[in-house]
There are 2 protein chains.
Amino acid sequence: MTSTSAKHPLSPEAAGRWWPRFVPAVAWMRSYRRADLPGDLLAGLIVAIMLVPQGMAYALLAGLPPQVGLYASIVPLILYGLLGTSRSLAVGPVAIVSLLVASGVGTLAEPGTGGYIQLALTLALLVALLQGLMGVLRLGFLVNFMSHPVLSGFTAAAALLIGISQLKHILGFPVPNLSFFPLLQYLGQHLRQTDWLPLLLGVGAILTLIYFRVGLTNPLKRWGIPHTMALTVSKAAPLVVLLLGSLLSWGWGLDAAAGLKVVGQVPAGLPHLTWPTFDLSIWKNLLPTALAIGFVGYMESIAVAKSLASKRRQKVDANQELLALGAANLGAAFTGGYPVTGGFSRSVVNYDAGANSGLASIITAALIALTVTFLTPLFYYLPQAVLAAIVIVAVAGLIDGQAFKTIWRYNKADGASYFITFAAVLLLEVEMGLLVGIAAALLLYIYRTSQPHVAIVGRLGESETYRNILRHPVQCWPNVIAIRIDESLYFANSKFLEDTVTGLIADRPEVEHFVLIGTAVNFIDASALETLEGLHRQLKEVGVVFHLAAFKGPVMDRLQAVGFTDQFGLDHIHLTTHEAMKAIGCVGGE
Amino acid sequence: MTSTSAKHPLSPEAAGRWWPRFVPAVAWMRSYRRADLPGDLLAGLIVAIMLVPQGMAYALLAGLPPQVGLYASIVPLILYGLLGTSRSLAVGPVAIVSLLVASGVGTLAEPGTGGYIQLALTLALLVALLQGLMGVLRLGFLVNFMSHPVLSGFTAAAALLIGISQLKHILGFPVPNLSFFPLLQYLGQHLRQTDWLPLLLGVGAILTLIYFRVGLTNPLKRWGIPHTMALTVSKAAPLVVLLLGSLLSWGWGLDAAAGLKVVGQVPAGLPHLTWPTFDLSIWKNLLPTALAIGFVGYMESIAVAKSLASKRRQKVDANQELLALGAANLGAAFTGGYPVTGGFSRSVVNYDAGANSGLASIITAALIALTVTFLTPLFYYLPQAVLAAIVIVAVAGLIDGQAFKTIWRYNKADGASYFITFAAVLLLEVEMGLLVGIAAALLLYIYRTSQPHVAIVGRLGESETYRNILRHPVQCWPNVIAIRIDESLYFANSKFLEDTVTGLIADRPEVEHFVLIGTAVNFIDASALETLEGLHRQLKEVGVVFHLAAFKGPVMDRLQAVGFTDQFGLDHIHLTTHEAMKAIGCVGGE
């Protein structure tokens, strides 16, 4: 079937040369109108205002110096702006990818050290290569193997881990690197070591952020502030707490006087060209993390990109997105950054503020570049507790218990895979937890199909339709059993099929004809075929005639190809259940 | 649905007390007739004749002293005879389980040592516990997760490994413990070190065995030898080569004179009571092997038991079989044996020779007991080359290239999982290979369902049936697209569904109504539900009416439960495709 990848916003026919196909920017540049500029400018500005604090905070979460988060917000954004097919996706450092970096690189090097930074660069390169490869090989579909419940379960658990990991900056005492529950226990036991100063600043920041998010919107409306202005103000919250926090600790010299942990020296100027490590043994160690980041990052990104695009009847090209994200990570790897992807909250803001093209991303990048060139001295006194508060408030929104309730209510298997992923991520190491969740979802699906719904059917009145005897008042015949099995027949349910049929036959010795109805059978694999042959033999031995009815064309073609139909007897294969009943003689051939 | 486990040969009603249900022997003992005896006697005898050489040969293959194979052929057979539900299954040492023992225990201890034997006992205990547990928890269905192609691919590769592993005994030079291809290479390089004596004996034995198997049957018929007699003679082949080989090496003192490797001292007398090791750390190391043996052994056993039972309209109870095999392995663990299961060839012979009950197994056990008590001195001079020849001829039959061809011709995915398993078992370590095969089969199935068959349908003549526009001459309407998706909707194909629908809509701007037909949809999981909600939103935004038609009762119930149907609009949900078309106004409401 046709897939979105076939209907690229800029189709080859439209572009004369080959390269525009790979540089979607050509499309919006050609068609760019003056009227698009204000939206792009405002969006670029607001996203930059959010990105400065978030970038530094997420870098810290990833175990990296704050400037790395800013570096990762320049070149990658420009590259995505040129290569991405989404008009409103805001690429850059995000919380969950930062967590994955911390958990993956943390086992290989000491956070904050040069070696650690080097590994983060290398990780970005690997992510770039993986995503690029997936894009070229059009493997975007691979992400389908991660179900929504698994992704949301993972996100919720990851958000919890992130929140907990930031508590130490607010409580202000050193915390060893522990997994979730031991960490909770440790925090509980050492709570009395809490340092009131970071606690005060952190809690203050959290309250301010929450106020900006929930409390401020209505007043702004009341005072008749225009939407764009109000949006800017409310989204400036992190920047505001950042500045307030810095002012306080600078004014009272809290770092020197009270030993408050501050960001400290942030090197000024644009990032230099950096070289990731090309060492296979190191690559091998980073590969699992790179895979997790490549997948999760892409899924988070494509999900928000699609939902935003559909609102404006625009399209995103799954595989081009992989290439664009790959390019962004490549940029990060060579300009002192670390793995990036499209973030949910910033993208929504970008869209809200009226981003019309990749130009918005490029403007954001330019503003971040100016920041690292001129404003880094401002961040010296910035308390880490404030950055932690920014992270905590940012991820709090990701923990959505309602989602689990809904999923569980709809379907236990999905609920189970959500919960298994959630628990596994908290109990095991992050990537392993994700892997366990994916496997669980697949096995649960296989298990479900291994015990399909089976209906014994009868004739509905004088009609030609045959329905479940339990749901409808239907006519049956003592010497005939007709069952409809509501699943494709394959290895996981072939034994079930055999047991079901032999069981029914054994229960009803008077039966002379057995009709298997295939309306819901989309496929018969080799194992199920063997089972059907076996059943055919067994039924013959006990003197029961085996009929197949209403199997689909494609399925029948297959059976014909291996000579099953001839061996089975064409006069026992019927186009419809009614045909079968006529052949058996239950109903007249009228 | 009812399953065979519900119709046990001896149903509780039939038996007054509870225990007969767990001891099927009570059934055949109560109903035993004098006329059954001859069949049981002959079958017991012939199987014993096969089992003496095979038992010793397989023990050697497993890295154990020959008598262990005989010990494993006494108590386990009696226990299965009492607890098994198959009348003709012949339990005991088999080639593939022996290979698994060798590969699993071989990494933990030196073959032939006391520690090695102890581990084999412990392994038998673990297998017993696993099978017993599966039986009690009625987990027989678990084996469904192993598809036929995976099992045959595994069997073929295992047979190959076994054959190669035995070559060293025939070539007569020491061979290090290598994996398949390195081993081939090593044998090739050292071929000139071949010792002519074991080679001569081995090849001679192989030719004799082949002659007995293929050449002898017709002459015996011609000479008018009665079937049972002929069967006995032809199945005695291993015993014959065993005796001939022993005679030669004894007569010419080949062991002393020419350094021919012989079995040597085999302790006389019945096995003593043995205690497996109860040490969790050791259990942990043996668990993977125990799982592999438990599963593979059970599958091999249940397959042959079922096919033989169906020939006589008898039934085997999957879960009771697990209990019986578990008991047999428990017996092996405490009487100096090693893991056992129902063997294919011996069971067929047992059936052929007319085994009517578990008594046949018990008779075999008695004969083996006599053998170990009185005949072990005979085996002193038995050349290992002859035992190797017996193994090679036994497993040669398991390598069935035809099976692969058929599977591949029928369905590439099944062929692939056969081949992947085959290759993985040869390239990786045996259990890992099996695991890879199982995983591959599951993923291939998921992959197949991730790109289901989709048909755009139109009205067939004036009928109420709507068929694939590519297969039938049908009527369509420019403003309507109706598609039938031939698969359950779940996470692996939800993106495919979305891309398909959006693609079709984008291609046909004139479309006003989109009808999704659910006749083949057996299930909609949470991910697919989200996708449907998303599509509903998107189509509304582009001004296309979304219709659902002919979805099944159970599926609709679910959607109703979460309020999807109301939100979707009940007037856009139709019982049949025809109803939908009427509602849209394409066809008259006649």
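This passage looks at how the two chains are related, how chain A is divided into domains, and how two of its helices pack.

The structure is a predicted model, in which local features need pLDDT of at least 70, side-chain atom pairs count only at pLDDT 80 or more, and totals for chains, interfaces and linings use all residues. Residues are numbered from 1 along each chain as its sequence is written, chains are lettered from A and ligands numbered from 1 in the order in which they are written, and side-chain values use heavy atoms, with hydrogens and water left out.

Chain B lands on chain A after a rotation of 180° with 0.0 Å of shift along the axis, at an RMSD of 0.1 Å (a least-squares fit on C-alpha atoms of residues with pLDDT of at least 70 in both copies). That is the relation of a two-fold axis. In chain B, the C-alpha of B:Ala520 sits nearest the axis, 2.4 Å from it. The copies meet through the same surface, since 100% of the interface residues of chain B are also interface residues in chain A.

Within chain A, the domain assignment (automatic or from a database) gives domain 1 as 23-146 + 167-384 and domain 2 as 454-584. Their centres, taken over C-alpha atoms, are 58 Å apart.

As for the helices (DSSP runs of H or I, at least four residues, numbered from the N terminus), H21 (residues 430-450) and H22 (residues 491-507) of chain A have axes that come within 8 Å and cross at roughly 25°. The two are therefore roughly parallel (angles under 35 degrees). In contact terms (heavy atoms within 4.5 Å), A:Ile446, A:Thr449 and A:Ser450 of H21(A) meet A:Ala492, A:Asn493 and A:Phe496 of H22(A).

Note on methods: Axes fitted to C-alpha atoms, helices over the stretch in contact; angles between N-to-C directions. Parallel < 35°, antiparallel > 145°, perpendicular 65-115°, else oblique.
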